[in-house]
Every structure is written in C-alpha cells, then in structure tokens.
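Thanks, everyone, for making the time. I would like to walk through one model this morning, going element by element and then finishing with a pocket.

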Amino acid sequence: MPVRKFLAAAGLLLALAGCVTQPINTERAATYKRVGVLSAMEDRFSVSGVGVTAFSNSYREDKLDIGADDVMTAGAIQALSARYQLVDLGRYRRAFVDQPKHWPGEKGIFAKDHPMVPEVVRDLMGGEKLDAYILITPGYSSVRGTNQSVAGIGLVRIGSLFGGGDTRLHAAYIVSVIDGTDFSLQADMRAFPAGESLLSSFAPIKSPISAPNVPVPAQFLDAPVQHRDSIAGQFRQMMAENLPQTLRQARLLE
C-alpha cells in the first residue's frame, strides 16, 4: 500500500506529513497554458476513534462513494479555469491508482523497485502533451495533541478526558504538480484546515486535526452508509472553501 494511503490504520504519526509543503515556482507556473487535473482519492473511507488512552483507539476502512473525485476535479477546474486551459484526466484514474509506484523522497531502502510517480504520469498520460499535470491524492495528518493520525477522507471521533467527544469529517489530501516537459515534481502541497497554513504550526491550535475538517453529528460515525448523502453534502461544502485555499498555497492561483 503506498505510503500516502491510510497509514492511520497502524496508528502512525508521520513527521513527513509536515514536510509536504512545496509550492510551485511562480515563474514556471506562469509558463503553463494547458494543464490536466487528475483526482485519485477514490472511495476509500476511514472510520476511526482517538481516545484518551491507546486502548480506546479504533480504526476500520470502508468504501463509501461520496463522489469525491468528481467534486475535487470540478472544483479544481473551476478554480483554475481563469488561468489555464484545463483537461479532465479522470479516464486515467483507474490505471494510475492500480500502478504500484513511489513518490519522490518516500522510497525506503528496502522498498520494491516500482517506478516513481512522475514516470507513471509520463507513461500513462504523456501522450496528452500537456504543460503540467495536477494530481490530487490522499494524504495524512495528525490529530493534534495525540500521537495518532488520520488519512484520506473519513470520520474520526476524538475522545475527551471528561467524557463526550468531537466527531469530524476530514479530508487529508495533497495537490502535486508534475511538469509536462521534463516530468519533474514541481509542487507537493498538503491541504491545511480552513484559514490555516504551514505557519499555523507555530501558532495556537485552531483545529483538532491538521487536515481540512468539519464537525458532524456523532451518528454519522456509527452508520456512514445510511448518512452518505449528508456526508457527501458536508464534503462538497468543505471542498468549496478548502480546495481554492490549497491551490493558492501551492501557488497555482494568484
């Protein structure tokens, strides 16, 4: 399983998550005209609980189709359309997801010899002859004040020492840019909660999760399938605000 996908299952807090904050060089971004967008979040959906003690933590992974890739593709195209000619690369999604691969800088010493993501983009989509390829993929983020993390799209219940808790819908994702000429990784920007940025790490905590998130009713956690439409609506609203922020922090928007 790629490092960017659902490492929360192991209860890992990755320091690397804070390092995925590379915006694009603005001069290079200004040279792009035709740009493709590929959202590859899929329908993976995590349901987790973070308790006061390690014994009260929980995790499971479901599949819940809330139309995330359609929402994020449409949102990115709408936000970027004033600057670029956009191409929807959704027809390559399945092949991209199924291809074993490594992200630059994340291949361990004993990792299998899979191609790097820019190579996969070149081999699968290079025939489009685009100036750049924008990828939206699952990321991972910390549950602040704990040693736990969440990954991708899902629900988490954050317990309290005094009982009760806080249920959140989260969407940990990363916007990456692959250059269409030399197929180098030009940007790799993880999404922050609304109104936050990398500098927020040094400010008082605003959000309980370091990824985009919104509070939702506790019953969503117990029966996500039954509440799919409501979850999808909350997700659309969250992305309408957050995706432009992330594209701006990646310097794809002025």
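Let me start with a kink: helix α6 bends by about 35°, and the bend is centred on Met239. Please keep in mind that what you are looking at is a predicted model. One might ask how far apart the end C-alpha atoms of α6 are. The helix covers residues 228–249, and because each of its 22 residues should add 1.5 Å, a span of 32 Å is expected, with which the 30 Å between its end C-alpha atoms agrees. Met239 is itself buried, and the other buried residues of α6 include Ile231, Phe235, Met238, Asn242 and Thr246. As a general reminder, an α-helix has 3.6 residues a turn, so residues three or four places apart point the same way. After α6 comes Arg251, with a positive phi near 70°.

Turning to the strands, β10, residues 165–171, is mostly covered, with five of its seven residues buried. On one pairing, β10 runs antiparallel to β9, residues 153–159, through seven bridges, and here Ile158 sits opposite Asp166. β10 also pairs with β13, residues 213–215, again in the antiparallel sense, over three bridges, where His170 faces Asn213.

Finally, the second largest pocket, which holds about 160 Å³ of space. What kinds of residue line this pocket? Its lining divides into seven charged residues, four nonpolar and one polar, and among the lining residues are Glu42, Asp43, Asp65, Arg93 and Arg94. Helices α2, residues 68–80, and α3, residues 93–98, each contribute at least two residues to that lining.

Key: Residues numbered from 1 in each chain as written. Predicted model: local features only at pLDDT ≥ 70, side-chain atom pairs only at ≥ 80, totals over all residues. Heavy atoms only, no water. 1 Å grid on protein atoms, 1.4 Å probe; cavity = no way out; pocket = protein on both sides within 12 Å on 5 of 7 lines; lining within 4 Å. Points joined across faces, edges and corners; volume = space filled by probe spheres on them. Helix = DSSP H or I, 4+ residues; strand = E, 2+ residues; numbered from the N terminus. Nonpolar A, V, L, I, M, F, W, Y, C, P; charged D, E, K, R; others polar. Expected span 1.5 Å × (residues − 1). Bend = angle between axes of the 7 residues up to and from the residue. Buried < 20%, exposed > 50% of the residue type's maximum accessible area, 1.4 Å probe, protein only. Pairing = 2+ DSSP bridges.
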